[in-house]
Amino acid sequence: MAAAKRDTVRAVQKKRKERDPEEDQKDAFPEAVGLEMMSDEESHGGEDDGDVESDEEVDQFPEIDARSDSDSDEESNWDEEGEDSGDDDGDEEKRTLASAPDSDSGSDIHMFPKAKTIISEVTGHPKRVYPEIEPDYESDSSTEDDPNRVGDIPMHWYDDLPHIGYDINGKRVLRPAKGNELDRFLETVEDPNSWTSALDKNTQMDKPLSPGELDIIRRLQLGENPDAGYDPYEPTVEWFTGKGKEEVMPLSGAPEPKRRWLPSKWEKQKIMKIVRAIRLGRIVGSKPTTAGDGPRFFAIWNEPSSTQPPPLPAPKPSLPTHAESYNPPEEYLPTETERKEWENTDPEDRERNYLPQRYSALRLVPAYDQFIKQRFNRQLDLYLAPRIQRTRLNIDPNSLIPKLPSPSSLRPFPNYRSLKYTHTNGQVRCVSVSPDGAWVVSGDDNGIVSLWEVNVGHEVKRWALNSKVGTVEWCPRTDASYFVVGTEDKLHFIIPPNLPLAVLRSTQSTLAPATLPPVTQASVKWSSTPGIEDGVILTIFLPPTSGLPRQVTWHRKGDYLASVSSSESQGGVWIHQLSRRHSQAPFKKIKGAVQLVLFHPIKPHFFVATQRYVRVYNLAEQKLIKTLMPGIKWISSMDIHPSGDHVIVGGYDKKLCWFDLELNDKPYKVLRYHTRAIRSLHFHPTYPLFASSSDDGSIQIFHGRVYSDLMTDPLIVPLKILRGHNVSDGLGVLQVKWASKQPWLVSAGADGNVIVWCS
């Protein structure tokens, strides 16, 4: 802008000279002084324009219009295009010069804006007022400043705001309007230079890239150096070769000569301080020792032993054998089969970590291929080893074993095989003992149900149901005697023979009353017609998709029973009521596949075991009370203590978990005594005993005493391991049941045998 004003003034001067050449000669001030009054900018501008004037010619100093600095309306007249504006600008300059006074009156010529005299509103006296100074006037960098002054911050902070920052005055810089993707694509098609622009995150607008920036991008894409002046083939500068540049060694290791030493004032003060202390006697030197001052020999063995333990000795490697020789005998060389077997074995399972090899000469033996790996493992062991020396605790291992009572003091418990009954044609999967402990009923895979006496092992009766028997369970009532047999989609209620007349009538009135209640469940049918053979007085037909019932459990009063079928739908669990002949599915939706269910012996609680969890429901309130987490992958068996406060859960992963329902939902104790999957668990109704059977063919007998004091933990002691069943097809003892009044145990195995164990 200043250059535009200067060019305009010079153009006006030139026109005035052409119009009135005599006026320049009559000017008295230039003739008297003989100098050219020009500013630095005008003098340089004249040199740039090539206008060479002689020393004799003097230009008249241009008059300055005072209104140029005060009147904002006339600032637009001084534009950069003043020379090209034509006659309009010339006429305007003529009017400006015509209104100015003559050059003779030097008092009217001023370089700065003219002040105005006004009357102060506060004091009432006249005062001078100058026009306001515009800070951005003639500023070369004012138009190049970034309007957004937020600085170097992440711009994604403004993604959810209508503005993108603030300008120098603290006002918001609004986000520029953006069209959709189609509009931006059309703009790139119409604008040929759109591919050479980049988005400026500070202003959220596209700015064109300079040729230098485009050249840097091109070089980076081609994998070249971004510096255009870099020469990759520049000649090598030989610094230490060539004539007159030879040096034997560029760097010298010779010590610095003493002539280069500079005395240190600090060291001088330190030495003088020590010298003064020696002179004053504060520092006394050591006296010279003589031969007779002290003993020359010491009895090292008479010193007291150190309390610090001695360092551990280094481990001694074993001596090499013939197999480690470079030329071992023939019997030490492995065959091809042994070599493949060694390579297929895991490194930690190999008997030795090398294979003997033969070389004709010692110089042909290669380097050890595991050297780097073993060194790394050694360094890793040293790095991870503790840096403190721990004192070894001398503890008797027997003191760590819990003090348990002797099994002989916990008698009676079963310890020998008393009777054995065999099913000839199948695996015995289920067995049940009558409430009085005198009869045992068992069923096998061929559909044979046998009733035999416990005391003598004599078979009383046999029923052939022509279908695989999944479960057998005796009713706990003492005034009636019958048991339930579960086959494919059916539950058969069978009355044993040789019953007393009163018990028989009570049983018949319970299972086949004179007046039948109305039918309430359409999917489950109750039929009182005689069954396949004599004794089958009642049959429950489950839904066709239920499958084989794998468990039947009774309520303590004998009126309700629950069945679990092999189906994984909500139809797999049913609760049946004999007095009303009513069946219902307690769950509309089940989380997981139900494995087995149990009734609480005292409270109206219902235990449901899925594959991983045991859920406890309140049947009266119809809500979930607690979820037990045994940590077993697949639950196989479960039983409840007669007190109702403790539960044992077994699984196919060989674990037996004891739960205290009043303590926690995690196991109180986990027992691992079996080597294979656990199949059955059972608490004794009266004695403090419980038993577990497994596929390893063994039966574990435990003493499990529960105290009435809640502060005393249960006492669990392993008593006896009973072995008498053979493992058949990977299956061992499938079910165990206690006799109610005696410490006798009845077990059924996959080998087809039913064994009675007595004390």
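Here are some questions and answers about this predicted model.

Reader: What should I know about the numbering and the confidence cut-offs before I look around?

Author: Residues are numbered from 1 along each chain as its sequence is written, and side-chain values use heavy atoms, with hydrogens and water left out. As this is a predicted model, local features need pLDDT of at least 70, totals for chains, interfaces and linings use all residues, and side-chain atom pairs count only at pLDDT 80 or more.

Reader: Which strands sit at the edges of the open sheet with the order 12-13-14-16-15?

Author: Strands here are DSSP runs (E, at least two residues; helices are H or I, at least four), numbered from the N terminus. This open sheet has five strands with antiparallel pairing, where two strands pair if DSSP finds at least two bridges between them. The ones that pair on one side only are strand 12 (471-474) and strand 15 (525-527).

Reader: And inside that sheet, what is the bridge partner of T487 in strand 14?

Author: Look at strand 13 (residues 483-487) and strand 14 (residues 490-494), which run antiparallel and are joined by five bridges. In strand 14, T487 has as its bridge partner K490.

Reader: There's also an open sheet of four strands; which residue stands opposite V441 in strand 10?

Author: That sheet runs 8-9-10-11 with antiparallel pairing, and its edges are strand 8 (428-433) and strand 11 (459-464). Strand 9 (residues 439-444) and strand 10 (residues 448-453) are joined by five bridges. Opposite V441, in strand 10, stands L451.

Reader: Which way do the side chains of strand 21 point, and are they buried or exposed?

Author: Strand 21 (residues 596-599) sends L596 and L598 one way, and V597 and F599 the other way. Strand 21 also forms a hairpin with strand 22, with five residues between them, and the bridge partner of V597 in strand 22 is V608. With buried meaning under 20% relative accessible area, exposed over 50% and partly exposed in between (1.4 Å probe, protein chains only), L596, V597, L598 and F599 are all buried.

Reader: Which side chains does H725 touch through polar contacts?

Author: H725 is in the loop between strand 32 (715-723) and strand 33 (733-738), and it counts as buried because its relative accessibility is 7%. A polar contact is a pair of N or O atoms within 3.5 Å; within protein, one must be able to donate a hydrogen and the other to accept it, and residues adjacent in sequence count only if both atoms are side-chain atoms. One contact, of 3.4 Å, goes to the side chain of D751, and another, of 2.7 Å, goes to the side chain of S747.

Reader: Which peptide bond is cis, and what is its omega?

Author: Most residues other than glycine have a negative phi, and most peptide bonds are trans. P412 is in the loop between helix 12 (397-400) and strand 7 (416-422). The cis bond joins R411 and P412, with omega about 10 degrees.

Reader: What is the phi of R581?

Author: R581 lies in the loop between strand 19 (573-577) and strand 20 (582-584), and it is buried, with a relative accessible area of 10%. R581 isn't a glycine, yet its phi is positive, at about 50 degrees.

Reader: And K654, what's its phi near?

Author: K654 is in the loop between strand 26 (646-651) and strand 27 (656-660). K654 is partly exposed, with a relative accessible area of 36%. Its phi is positive although K654 is a residue other than glycine, and the value is near 70 degrees.
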